[in-house]
Amino acid sequence: AGEADVSDVPPKDYIRVRSFKKINVFEYDSLTYTFIGFNLKKTLFSDARTRKALAYATDKEQLIGLVLRGLGSAAYSPMAPAGWTYEPGVNKYPYDLKKAGMLLDSAGWVVGRDGIRERQGKKFEFTILVNQGNKEREKAAVILQWQYRKIGIKVNVRVMEWSALLRILNSRDRVKDFDAVIIGWSLGIDPDAYSIWHSSQYPLGLNFIGYDNPVVDKLLEKGRTTVEKKKRKEIYGKFQKIISDDQPYIFLWYPKSITAVSDRVGGLAKPGPAGLFVDMEKIFIKDK
């Protein structure tokens, strides 16, 4: 309608918006990832073998195809490929149901008569929380529900209003009232990840899953106090490898940023992680 000059474009609308006249559509990599975060304070997810089994049972390519219409790439690390500290040599847990089953067997989860795994009389069942209105995450949760059923795990999906979800994640409880959540992080240009992963950031910080690893704590402290770029890259490379080995999150995808801009807007920056409007003083409206 010409009432806005700029808009993000959901993957489902990408093809349609590209056909609009007087609109330029930009597609570029971002410093963003979507993930499943497990409540590590709950016994169900305290064993790394269980988390790794779920990672092997996650068909990320199917998720990207169905949810993002292919406009993204599989995620494996707490840092995005568009960032200068990204470490490609982390464990990637390729889709492998056989390995997933073997890990669950070793952790004591055996398939019951109804096809659901159980241990000491308790079924392997958990609930994934997603925020209402985010159709991509809602769809991903339903697909994961189906994927995990293949290895004998029952998943429930609970869609919540955003503020209600935040109350749970930000609570002061020693053990927060959730099993798992699908959510995402938009990272800054600087790679400092202290606020998300340091143990001091639980329960009131962004480390709402309760991740606690003394080695990671030291790396994060060293990373934010080191100036030399090469040394920082080494520090955050080690950090990413440890997180991948622990799998407190299952990293799902790195989405493409898709932005539609009216052709009357000029002075845009080259598409990249910092966005199109990084040099705001250069933006101008063209004469009709």
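This text describes two helix packings and a set of salt bridges in a predicted model.

Two packed helices are described by the angle between their axes and the distance between the axes. Helix H2, residues 48-56, and helix H4, residues 97-106, have axes that come within 8 Å of each other and cross at roughly 165 degrees. Angles over 145 degrees count as roughly antiparallel, and H2 and H4 therefore run roughly antiparallel to each other. Their crossing is left-handed. On the H2 side, the contact is made by Arg 49, Thr 50, Lys 52, Ala 53 and Tyr 56. H4 contributes Leu 97, Lys 99, Ala 100, Leu 103, Leu 104 and Ser 106. By character, the residues of this contact divide into six nonpolar, two polar and three charged.

The surroundings of H2 extend to further elements. The buried residues of H2 are Thr 50, Arg 51, Ala 53, Leu 54, Ala 55 and Tyr 56. What covers these buried residues includes H4 and H5, together with strand E3 (32-38), helix H9 (229-246) and strand E11 (249-262).

H5 also takes part in the second packing. Helix H3, residues 60-67, packs against H5 at an angle of about 140 degrees, with the two axes 10 Å apart. That angle makes H3 oblique to H5. The crossing of H3 and H5 is right-handed. From H3, the residues Gln 62, Leu 63, Leu 66 and Val 67 meet Glu 136, Lys 139, Ala 140, Ile 143, Leu 144, Trp 146 and Gln 147 in H5. The residues of this contact divide into seven nonpolar, two polar and two charged.

H5, which spans residues 135-149, also holds a salt bridge. Glu 138 is paired with Lys 135, and their closest N and O atoms are 3.7 Å apart. An α-helix has 3.6 residues a turn, so residues three or four places apart point the same way. Glu 138 and Lys 135 are three residues apart in H5 and are thus separated by about one helical turn. As for accessibility, Glu 138 is buried, because its relative accessible area is 16%, whereas Lys 135 is exposed, with a value of 57%.

This pair belongs to a wider set, as the structure holds 13 salt bridges. Another of them joins the side chains of Asp 13 and Arg 16, with a distance of 3.5 Å from N to O. Asp 13 counts as buried because its relative accessibility is 14%, while Arg 16, at 49%, counts as partly exposed. Asp 13 and Arg 16 are also linked with Lys 12 in a network of salt bridges.

A further salt bridge brings together the side chains of Lys 123 and Asp 114, at 3.0 Å from N to O. Lys 123 is found in strand E7, residues 122-123. Both partners are partly exposed: Lys 123 has a relative accessibility of 32%, and Asp 114 has a relative accessible area of 43%. Beyond residues up to four places away in sequence, Lys 123 touches Trp 109, Asp 114, Ile 116, Arg 117 and Glu 118. Its salt-bridge partner, Asp 114, is thus one of the residues that Lys 123 touches. Lys 123 and Val 110 are 13 residues apart in sequence, and their C-alpha atoms are 9.6 Å apart in space.

Methods:
Residues numbered from 1 in each chain as written. Predicted model: local features only at pLDDT ≥ 70, side-chain atom pairs only at ≥ 80, totals over all residues. Heavy atoms only, no water. Axes fitted to C-alpha atoms, helices over the stretch in contact; angles between N-to-C directions. Helix = DSSP H or I, 4+ residues; strand = E, 2+ residues; numbered from the N terminus. Parallel < 35°, antiparallel > 145°, perpendicular 65-115°, else oblique. Left-handed = near helix turned anticlockwise from the far one by under 90°. Contact = heavy atoms within 4.5 Å. Nonpolar A, V, L, I, M, F, W, Y, C, P; charged D, E, K, R; others polar. Salt bridge = Lys/Arg side-chain N within 4 Å of Asp/Glu carboxyl O. Buried < 20%, exposed > 50% of the residue type's maximum accessible area, 1.4 Å probe, protein only.
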